[in-house]
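Visitor: Please take me through one part of this model slowly, the aromatic grouping and what surrounds it. I would like the cut-offs as well, since I will want to compare them with my own.

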Amino acid sequence: MIKVEDLRKNFGTKAAVDGVSFNVEKGEILGFLGPNGAGKSTTMRILTGFLPPTSGSAEVDGFDLEDQPVEAKRLIGYLPENAPCYDDMFVSGFLKFCGEARGLRGGKLNDAVGRAIATCFLEPVAHQSIDTLSKGYRHRTCLAQAILHDPPVLVLDEPTDGLDPNQKHEVRSLIRRMGKDKAIIFSTHILEEVEAVCTRAIIIDRGRIVANGTPDELKGRASGAGTIVLRAADRGGAALRPFLEKVEGCSAVEVLEEQPAVLRLRPKDASTASGLAARVHELAVREKWKLIELRIEEGRLDDVFRSITLPDTAPGRDAK
Amino acid sequence: MNCFGNIWSVAKRELSGTVSSPVAYVFIVIFLLLSAFFTFMIGGFFERGQASLASFFGWHPWLYLFLVPAVGMRMWAEERRSGTIELLLTLPVTAWQAIVGKFLAYLIIIAVALLLTFPVWITVNYLGAPDNGIIVAGYTGSLLLAASYLAVTSFTSALTRNQVVSFILAVVICLFLILAGWPPVLNLLHRVFSPGLIDFVAAFSVMTHFDSIQRGVLDLRDIIFFLSVILFFLFATHAVLLARRAG
Ligand SMILES: Nc1ncnc2c1ncn2[C@@H]1O[C@H](COP(=O)(O)OP(=O)(O)O)[C@@H](O)[C@H]1O
Ligand SMILES: [Mg+2]
């Protein structure tokens, strides 16, 4: 559905987006991750036809955003960053306008507005002026505008930004639900969100894609991924170590804590971690250790994110 | 068909936004009060002893000079300030449809204000026997003039996110359009420049064309002049919107 090819955007001499390519198919939810100023919003603005790219192309269902903008825009629902809304309108009036501009009329328009209001839990404020709304309602009003016409493509720029935990949860389950039959791309810098919602994630830094894969694949790239952590109640770490070093397939053992013992085993090869864990378990049973924990580290998305994107203070990142 | 539907959607939104705020009402009330004040108190409507609306229309270039930029300054500046421009321009509506829709909305407000001056027309008809053909021409010229100022305001409003800046720029450009053909200024220029040059400058002034319409001749050339000014500034608005997109 969404096809982005070698997209570049310069502001003056500065490249905000620097050669980004990706595809999103129907049924996929793509998480767009990256530090502030990475170029997420700029990419989305090009994808929705608000900004023209300096070079490269963005297509939605075969319609190029530059050559056939109106056809492409019909297929897109867009929630811009900071959820702008017309302050001088009522919630229902605002949604009606958006529906009309998308060609809905009469009964179809009323149905669409009613559905969007129900989906985004806007009933209590439907006849309230937008400038009197709390931030959560405002955000959902703008989200309602994006899903109003049941578009096959959704572009959501930080859809959960500024919401309270309950609202965040609601919006995430909404995205997951809609993701079944739409192509969705959403940006965030909350990493649990990616794990909870996305089928695939892209990490972007300084305008370039630095990682692209399922959340699990990305987690596998964390430095601790695939190691085995063992905790025993009745032995010291130093006492256990010689036993563990002799287990087949183990390349290194590290004592994290002495009492109660916590040790980390590094397998020779990450794919053999489960075999190694089984052998460690056999050993523990045989030696009658009081095991309280034995687990394979999944790797944390946080660690991947930090290791492949430069921190704000690092040289080479200019202040925003 | 879709095109007009889109223009009308944008115009309706703009009107609903303006109608729920005091801007439109304040504009209409002030326009009516000032029209009455200038016509009857300063323009010497009764002293003239003529059944005509010359004293009424004569003030419009100056009245509109401040009122039209004041009512239209938010047109694009507010969209930019609040970020809603990103919503508007990512709807399946072209920039042209949005520009024309907004222009139309404010033109409707101005036209309503102008229509509400009908008591003045009734008054002259009650007091005497005016040439109603001249009065119709007068109203047409007045609306064309207001539409020209509105197109200027659309352009200056697209230039900035600050409504006050957009207002000031619009007033300055409109003032130039007036002064280029205002007799006191032309007399001043006569001392320095050749008559040919002055006629050329005066041809760009709304005053020259407005006055000739007010005399009751709806000359096609005058109408074309106003339509060209309107189109020129709407094109300029389009160019500014596209250029500011490019970053
Ligand atoms: N209109 C603009 N003019 C100049 N620079 C811009 C503009 N929009 C964005 N930028 C710059 O482009 C970079 C990417 O911004 P953005 O896409 O908003 O990042 P993100 O959404 O990932 O935080 C930033 O360094 C930002 O300062
Ligand atoms: Mg952003």
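Guide: Happy to! Rings of Phe, Tyr and Trp (its six-membered ring) make a pair if their centres lie within 6.5 Å, and planes under 30 degrees apart count as stacked, over 60 as edge-to-face and the rest as tilted. The grouping you ask about is one aromatic cluster formed by Tyr86(A), Phe94(A) and Phe97(A).

Two notes on conventions. This is a predicted model, in which local features need pLDDT of at least 70 and side-chain atom pairs pLDDT 80 or more, while totals for chains, interfaces and linings use all residues. Residues are numbered from 1 along each chain as its sequence is written, chains are lettered from A and ligands numbered from 1 in the order in which they are written, and side-chain values use heavy atoms, without hydrogens or water.

Over all chains there are 15 aromatic pairs. Tyr86(A) and Phe97(A) make one of these, edge-to-face because their ring centres are 6.1 Å apart and their planes meet at 80°. Tyr86(A) sits in the loop between S6 and H3 of chain A while Phe97(A) belongs to helix H3, so the pair ties together parts eleven residues apart in sequence. (Helices, H or I and at least four residues, and strands, E and at least two, are DSSP runs numbered from the N terminus.) Both Tyr86(A) and Phe97(A) are buried; buried means under 20% relative accessible area, exposed over 50%, and partly exposed in between, with a 1.4 Å probe on protein chains only. For Phe97(A) the relative accessible area is 5%.

Now look across to chain B. Leaving out residues up to four places away in sequence, Phe97(A) touches Tyr86(A) and Met89(A), along with Ser9(B), Val10(B), Arg13(B), Leu88(B) and Leu91(B), where contact means heavy atoms within 4.5 Å. Arg13(B) also meets the cluster through Tyr86(A): its charged end sits over that ring, 3.7 Å from the centre. The test for such a charge is NZ of Lys or CZ of Arg within 6 Å of the ring centre and within 35 degrees of the ring normal. Back in chain A, the C-alpha atoms of Phe97(A) and Val113(A) are 9.8 Å apart, with their positions 16 residues apart along the chain.

The third cluster member, Phe94(A), leads to a wider setting. Phe94(A) is among the residues with the most contacts inside the largest nonpolar core, which has 147 residues; Phe22(A), Ile185(A), Tyr64(B), Trp76(B) and Tyr149(B) are the others named. Such a core is a set of buried Ala, Val, Leu, Ile, Met, Phe, Trp, Tyr and Cys residues joined through side-chain atoms within 4.5 Å. Helix H9 (residues 132-159) of chain B gives the most to it, with 13 residues.

Trp76(B) is a good stop here. Beyond its neighbours within four places in sequence, its contacts include Ile85(B), Leu88(B), Ala98(B), Lys102(B), Ser154(B) and Leu241(B). Leu88(B) also touches Phe97(A), and Lys102(B) lies over the face of Trp76(B), 4.9 Å from the ring centre.

The loop that holds Tyr86(A) has another side to it. The magnesium ion (ligand 2) has as its protein donors Ser41(A) (OG) and Glu81(A) (OE), 2.0 to 2.4 Å from it. Donors are N, O and S atoms within 2.8 Å of the metal (3.2 Å for Na, K and Ca), and water is not among the atoms, so the site may look incomplete. Ser41(A) is in helix H1 (residues 40-47) and Glu81(A) in the loop between strand S6 (76-79) and helix H3 (91-101) of chain A, so the two donors tie together parts 40 residues apart in sequence. Ser41(A) is buried at 13% relative accessibility, whereas Glu81(A), at 25%, is partly exposed.

Helix H1(A) is mostly covered, with seven of its eight residues buried. Among the buried ones are Lys40(A), Thr42(A), Thr43(A) and Met44(A). Just after H1(A), Gly49(A) takes a positive phi of about 85°.
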